[in-house]
Amino acid sequence: MPTPNISDLPGQPRELEGVEKALLALSYGVHVIGSRASDGSMNAMLADWVMQVSFKPRLVAVAIENDARTLRYITQTSVFSVNLLHEKDGLEIARKVVMPAEGRKIKGRSAEAAAVVHDKLADIRHGLAANLCPVLDDALGWFICDVEKMTEAGDHTIVIGRVTDGELLR
């Protein structure tokens, strides 16, 4: 019987394959996706898979985990916002939204901790765009979108949105 590699044991770091290293070398921006549910609840999530896919009409694509609260909200209302983070204070904003709002998404949590839902926008200055999605006061800029198409892609869903408004703030 071969000796197990420690990196194959649960909870242990493992050596990355060459293809994983190459994919990690792709350059990304970091953005905050704002969403709202049909009951008016709002959420913000950190996303690095955002890109413009068309000039006419103006379309962007955002990849969101299939079990994300933000995807549920976007599915309900067909609208979202994209907030561009500024290099000066973007890291501080990113830290506030990087963890899932729903404690259940973090493996190993107690039942009590898994039941907690955090309001990630509570400590972030923001307003509401015309589509009622959050736009961050301290963002570099923002734009809002109406959903054109949603396509499942592995453990994520690609949401293509038509940009309807936006502003560069600084």
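**A walk through the fold, starting at asparagine 43**

The side chain of asparagine 43 makes a polar contact with the side chain of threonine 70, at 2.9 Å. Keep in mind as you look that this is a predicted model. Asparagine 43 sits in strand β2. Is asparagine 43 buried or exposed? With a relative accessible area of 4%, asparagine 43 is buried, because buried means under 20% relative accessible area. Once neighbours within four places in sequence are set aside, asparagine 43 is in contact with Ile33, Gly34, Ser35, Arg69, Thr70, Tyr73, Ala101, Lys120, Leu121 and Pro134. Thr70 therefore appears both in this list of contacts and as the partner in the polar contact, given that contact means heavy atoms within 4.5 Å.

Let us step back to the whole chain. The protein has four helices and nine strands, and along the sequence they run α-β-β-β-β-α-β-α-α-β-β-β-β. Of its 170 residues, 35% count as buried. Among contacts between residues at least 6 apart in sequence, 58% join residues at least 24 apart.

Now for the interior. Ile33, which we met beside asparagine 43, belongs to the largest nonpolar core, a set of 16 residues. Ile33 is listed there with Val62, Ile64, Ile74, Phe80, Val82 and Val159 as the residues with the most contacts inside the core. Which elements give two or more residues to this core? They are β2, β4 (59-65), α2 (69-77), β5 (79-84) and β8 (141-153). A second, separate core has ten residues, including Val32, Ala44, Ile93 and Val97.

Valine 62 is a good residue to click on next. Leaving out neighbours within four places in sequence, valine 62 is in contact with Ile33, Trp49, Val50, Phe80, Val82, Thr157, Ile158 and Val159. Among these partners, Ile33, Phe80, Val82 and Val159 are also on the list of residues with the most contacts inside the largest core.

Trp49, another partner of valine 62, leads us out to the surface. Tryptophan 49 lies in the loop between β2 (42-47) and β3 (50-54). Its relative accessible area is 39%, so tryptophan 49 counts as partly exposed, a class that lies between the 20% and 50% cut-offs. Together with Val19, Leu23, Leu26 and Tyr28, Trp49 makes a nonpolar surface patch of about 500 Å². As for the surface overall, the protein exposes about 10,600 Å², and carbon and sulfur atoms supply 55% of that area.

Note on methods: Residues numbered from 1 in each chain as written. Predicted model: local features only at pLDDT ≥ 70, side-chain atom pairs only at ≥ 80, totals over all residues. Heavy atoms only, no water. Patch = residues over 30% accessible without salt bridge, like charges linked within 9 Å, V, L, I, M, F, W, Y side chains within 5 Å. Areas by Shrake-Rupley, 256 points an atom, 1.4 Å probe, with all protein chains shown as cover. Salt bridge = Lys/Arg side-chain N within 4 Å of Asp/Glu carboxyl O. Buried < 20%, exposed > 50% of the residue type's maximum accessible area, 1.4 Å probe, protein only. Polar contact = N/O pair within 3.5 Å; in protein donor to acceptor, adjacent residues only side chain to side chain. Core = buried A, V, L, I, M, F, W, Y, C linked by side-chain atoms within 4.5 Å.
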